[in-house]
Amino acid sequence: MGNKPVISDNAPTAVILFAGGGGIEAGMVEAGIRPVVAVECDRGATPSEYRTLTKLSIAIADNHDRNFSEYGCKLIRQTVQEVASAGFPDFPHQRIDYLHASPVCSNFSNAKRDRIESQCDRDCAIAVGNAIAHLQPKNFTLENVVGYKKSESFHIILDVLETEGYQVAWDIVNM
């Protein structure tokens, strides 16, 4: 294994919403971008799923913290909606360079037979829009599955970007 990347003190900064285990952060760190805040928590869709998903979410967040805390990344173990509702406490006061969001994609995936957008999906999109408006990042990126482009959630985020004066360009990138 090679050495971990070193990030300069004046590196561009990033906030990541729906951080998961840190795949986006790994690429950012390799590119010399410092993740300063990451939000990761999945409360579960139903009471029966809550315990399993919460345990998984805790394990994913623990992994994230082990990998990125040394770069100064503060992991917030709340949902994006909870953080938005609280007004983004503990977020940077200076303007960040990058805001990235990877909302849960399961309701838009081709792997799911009955792809029905939920109120939770829309609430997540509203919270992302609130983050864009509050943080005013220099750049915003969104990652999701192809089916997301047809959702109300995607259009909620697009509307906020346009309202806030961002130039918007989006495409489907087959990774």
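## Surface, fold and cysteines of a predicted chain

The accessible surface of the chain comes to about 10200 Å², and carbon and sulfur atoms hold 51% of that area. The model is predicted.

**Overall build**

Start with the whole chain. Its secondary structure amounts to five helices and five strands. Along the sequence they follow the pattern β-α-β-α-β-α-β-α-β-α. The C-alpha atoms fill a box of roughly 45 × 40 × 35 Å along the principal axes.

How does the radius of gyration fit a compact globule? For 175 residues, such a globule would have a radius near 16 Å; the chain has 16 Å, so the two agree. Of the 175 residues, 42% are buried. Contacts also reach along the sequence. Take those between residues at least 6 apart: 67% of them join residues at least 24 apart.

**Helix α1**

Now look at one helix. Helix α1 covers residues 23-30, and E25, M28 and V29 in this helix are buried. Seen down the axis of α1, the buried residues fall within an arc of 95°, so they line one face of the helix. The general rule helps here. An α-helix has 3.6 residues a turn, so residues three or four places apart point the same way. The other side of α1 has exposed residues, G23 and E30. Just after α1 comes G32, with a positive phi of about 85°.

**Cysteines**

How many disulfides does a search of the whole structure find? The result is zero. A disulfide needs two cysteine sulfur atoms within 2.5 Å. Two cysteines show how this cut-off works out. The sulfur of C73 is 15 Å from the closest cysteine sulfur, in C41, so this distance is too far for a bond. For C120, the nearest cysteine sulfur is that of C124, 4.2 Å away, and C120 is in no disulfide.

Is C73 buried or exposed? With a relative accessible area of 5%, C73 is buried. C120 counts as partly exposed, at 43% relative accessibility.

The table puts these values side by side.

| Cysteine | Closest cysteine sulfur | Relative accessible area |
|---|---|---|
| C73 | C41, 15 Å | 5%, buried |
| C120 | C124, 4.2 Å | 43%, partly exposed |

Definitions and conventions: Residues numbered from 1 in each chain as written. Predicted model: local features only at pLDDT ≥ 70, side-chain atom pairs only at ≥ 80, totals over all residues. Heavy atoms only, no water. Buried < 20%, exposed > 50% of the residue type's maximum accessible area, 1.4 Å probe, protein only. Helix = DSSP H or I, 4+ residues; strand = E, 2+ residues; numbered from the N terminus. Arc of directions from axis to C-beta. Rg over C-alpha atoms; globule rule 2.2 N^0.38 Å. Contact = heavy atoms within 4.5 Å. Areas by Shrake-Rupley, 256 points an atom, 1.4 Å probe, with all protein chains shown as cover.
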